[in-house]
Amino acid sequence: MIGVLGGTFDPVHFGHLRPALEVRQALGLEELRLIPLRQAVHRSQPQASPEQRLAMLRLAVQGAEGLRVDDRELRRGGESYTHDTLVDLRGELGPAVGLGLLVGADAFRGFLSWHRPDDILALAHLIVMRRPGWTGEGGPAPGLAPMEGDKASDAGGQALAGDDQVSAAGNQAPVAGNQASAGGDPLFTAGDQAPLVASGLELSSHLQAWLQPRRCFQVGDLTASPAGRVWFQEVTQLAISATRIRGLVARGLSPRYLLPDTVLDFIQAEGLYRRADP
């Protein structure tokens with residue numbers, strides 16, 4: 001099975017990379033593709049250019065087995081929508097290869113408002129990244145308080161899931177604002193926050209009813225078909241955000257240990273993020 005995590009990655013950081021690695025290892029994915037989008041939907045545009053964000057992603061995954069950068073959205077141009085990207089991937093991989101779209105739990109909560117959600121599930125499985133202890137049923141997990149900033153931001157169904165929102169479980173992974181509007185969803189869910197899940201997240205009764213026949217609890221059930229199931233994967237909670245990293249750099253402070261040193265070196269060499277977000 002091939003995993004897919006999208007976002008603006010402005011910049012990529014450990015809140016994107018650690019959950020991605022954990023999902024790949026837990027599910028035995030052949031590879032996990034990180035897909036940077038060219039143009040954010042329903043959010044401000046990235047500060048770094050597409051070429052700079054692509055370069056940072058490549059530096060970040062250099063030497064990381066099973067993590068691959070896919071630049072198809074940058075080559076295509078325009079707004080990035082999850083359905084369109086998955087159609088393109090299916091055209092490349094064929095109908096039999098399993099595809100898993102990584103989304104944060106917060107982004108998943110709004111999945112039925114995305115553009116063509118049932119068609120998305122016909123193209124790929126949903127792999128919902130959740131923080132430890134969160135069940136997806138009713139109220140908060142025992143002992144966990146709601147976390148500030150656990151909302152989708154750059155990746156999710158709205159736009160591929162992944163940018164600011166990849167916080168261990170709530171990529172509310174993805175791609176800003178990840179709230180689909182009447183016009184559709186931005187590609188994946190990952191925004192400034194890594195994909196993390198709000199511990200107090202509750203699923204609507206409508207979403208729970210939709211989820212029940214589609215959710216699976218055994219990896220074998222997930223890999224038995226190329227698409228169509230929903231899997232909840234526990235990942236490490238890393239409350240790191242691209243917004244915070246940009247803010248630190250703009251104030252002349254170091255974001256070291258929030259992102260790979262190779263990415264930080266690139267940011268410094270290119271003079272990125274020296275102005276505050278608008």
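Which residues of α4 are buried? In this predicted model, they are Thr82, His83, Thr85, Leu86, Leu89 and Arg90. Below is a friendly tour of that helix, the charged pairs around it, the nonpolar cores and strand β1.

**Helix α4**

- The buried residues of α4 cover an arc of only 160 degrees around the axis, so they sit on the same side of the helix.
- This fits a general pattern: an α-helix has 3.6 residues a turn, so residues three or four places apart point the same way.
- With 12 residues, α4 reaches 16 Å from its first C-alpha to its last, close to the 16 Å expected at 1.5 Å a residue.
- After the helix comes Gly94, which has a positive phi, near 90 degrees.

**Salt bridges**

- The model holds 15 salt bridges.
- One of them pairs Glu92 with Arg33, with the closest N and O atoms 3.0 Å apart.
- Glu92 belongs to helix α4 (residues 82–93) and Arg33 to strand β2 (residues 31–36), so this pair ties together parts that are 59 residues apart in sequence.
- Are the two partners buried or exposed, or something in between? Glu92 counts as partly exposed because its relative accessibility is 41%, whereas Arg33 counts as buried because its value is 2%.
- Another salt bridge joins Asp71 and Arg58, whose closest N and O atoms are 3.8 Å apart.
- That pair also links distant parts of the chain, 13 residues apart: Asp71 is in the loop between β3 (67–69) and α3 (72–76), while Arg58 is in helix α2 (residues 50–61).
- Arg58 has a relative accessibility of 45%, so this residue counts as partly exposed.
- The side chains of Asp70 and Arg72 form a salt bridge too, at 3.0 Å from N to O.
- Both of these partners are buried: Asp70 has a relative accessible area of 4%, and Arg72 has one of 8%.
- Through shared partners, salt bridges join Glu31, Arg33, Arg68, Asp70, Arg72, Asp88 and Glu92 into one network.

**Nonpolar cores**

- The largest nonpolar core contains 39 residues, and the ones with the most contacts inside it are Leu5, Val12, Val23, Leu27, Leu32, Leu34 and Met56.
- Which elements each supply at least two residues of this core? They are α1 (14–27), β2, α2, β3, β5 (125–130), α9 (242–250) and α10 (261–270).
- Helix α2 gives the most to this core, with 5 residues.
- Beyond its neighbours within four places in sequence, Met56 is in contact with Pro11, Val12, Ala48, Val263, Phe266, Ile267, Leu272 and Tyr273.
- There is also a second, separate core of 25 residues, and its members include Val4, Leu89, Leu99 and Val230.
- Leu89 therefore appears twice in this briefing, since this residue is also among those buried on the same side of α4.

**Strand β1**

- In strand β1 (residues 2–7), 6 of the 6 residues are buried, so the strand is largely enclosed by the rest of the structure.
- Ile2, Val4 and Gly6 point one way from β1, while Gly3, Leu5 and Gly7 point the other way.
- One residue from each of these two sets appears in a core: Leu5 is listed for the largest one, and Val4 is listed for the second.
- β1 and β2 run parallel and are joined by 6 bridges.
- Gly7 stands opposite Pro36, which is in β2.
- The β2 strand thus recurs across topics: it pairs with β1, contributes to the largest core and carries Arg33 of the Glu92 salt bridge, so it is tied to α4 as well.

Conventions. Residues numbered from 1 in each chain as written. Predicted model: local features only at pLDDT ≥ 70, side-chain atom pairs only at ≥ 80, totals over all residues. Heavy atoms only, no water. Salt bridge = Lys/Arg side-chain N within 4 Å of Asp/Glu carboxyl O. Helix = DSSP H or I, 4+ residues; strand = E, 2+ residues; numbered from the N terminus. Buried < 20%, exposed > 50% of the residue type's maximum accessible area, 1.4 Å probe, protein only. Core = buried A, V, L, I, M, F, W, Y, C linked by side-chain atoms within 4.5 Å. Contact = heavy atoms within 4.5 Å. Expected span 1.5 Å × (residues − 1). Arc of directions from axis to C-beta. Pairing = 2+ DSSP bridges.
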